[in-house]
Amino acid sequence: MVNPDFLKIPEELLNDVHPLPIRNDFVSRQLSSDDLEKWDIGLTKHRQPVTFGDKVALAVVKSLRIPADLFFRKKYLHRAVALETVAAVPGMVGAVIRHLRSLRKMKHDGGWITHLLHEAENERMHLLTWMKVCQPTLLERMLVTAVQGVFFNCFFLFYLSTPRTAHRIVGYLEEEAVISYTGFLKEIDEGRIENKAAPQIAIDYWNLQKSATIRDVVLAVRADEALHRDTNHHFSDRISLKQEDLRTEVSHTKLLHMQEAASIARAGNS
């Protein structure tokens, strides 16, 4: 006999859990289409590679872009659905590894775990949003399964061996995501993708106006990707500077030195 008390659902599980957007701007106020359009997210930002690890990270990302462009071309809705299933992997991998490390060392993680989990959840919300707009084909679903399995294991091993380069890879991946979503906007503006009403899940998650459209969603998602770009490059810099506690400010002297090195590298390449 099973004790009936074990079949009763704990009250806490009945509470609705609503994911919060990753950018404070979406939480603090309801943004209009004009607000989203005028938002400066640093469209042309690019972290110039300085170290050998940076160059490897950029080369890896550029090589990954080639098959994605060949397979999806300008099918931006299908591209978004497929790639967001992969984009949500790095944050979860980093959070798991740092969680286990925090347990082993019996010390605070410096605030990384929560941020990385929030990043993973944000990317998952991107996926759930696009699934309301576009359904992937069977071939795309099979591709996602294969790519996610390979990517998860490779990134897990990469993060274990060199977390600094792993975060740099994510930073460069997000740079490419910003470029892709900008192309998505162009397709909408030129009439090749219908600018339909935004799904309710997007309106609720990003605190958008009731009249929001797919274009507004793309602007919101692109802003998220820009934040992931900046934070992951920052995480990589933190590891390089050996100042991983996010509760403390980075040494400005060391950060300026790193920025100067990037500027010199940029000038040398040009």
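So, which residues does Arg 65 touch, not counting residues up to four places away in sequence? Arg 79, Glu 176, Ile 179 and Ser 180, where contact means heavy atoms within 4.5 Å.

Quick housekeeping: this is a predicted model, so local features need pLDDT of at least 70 and side-chain atom pairs count only at 80 or more, while totals for chains, interfaces and linings use all residues. Residues are numbered from 1 along each chain as its sequence is written, and side-chain values use heavy atoms, with hydrogens and water left out.

Back to Arg 65. You'll find it in helix H4, residues 52–72; helices are DSSP runs of H or I, at least four residues, numbered from the N terminus. Its relative accessible area is 18%, so it's buried (under 20%; exposed is over 50%, partly exposed in between, with a 1.4 Å probe and protein chains only). Its side chain also makes a polar contact with the side chain of Glu 176, at 2.8 Å. For that we want a pair of N or O atoms within 3.5 Å, one able to donate a hydrogen and the other to accept it, and residues adjacent in sequence count only if both atoms are side-chain atoms.

Next, Thr 231, in helix H11, residues 214–241. At 25% relative accessible area, this one is partly exposed. Its side chain reaches the backbone oxygen of His 228 at 3.2 Å. And Arg 23, 208 residues apart from Thr 231 in sequence, is 12 Å away in space, C-alpha to C-alpha.

Last one: Met 92 sits in helix H6, and with a relative accessible area of 38% it is partly exposed.

Technical notes: Helices (H or I, at least four residues) and strands (E, at least two) are DSSP runs, numbered from the N terminus.
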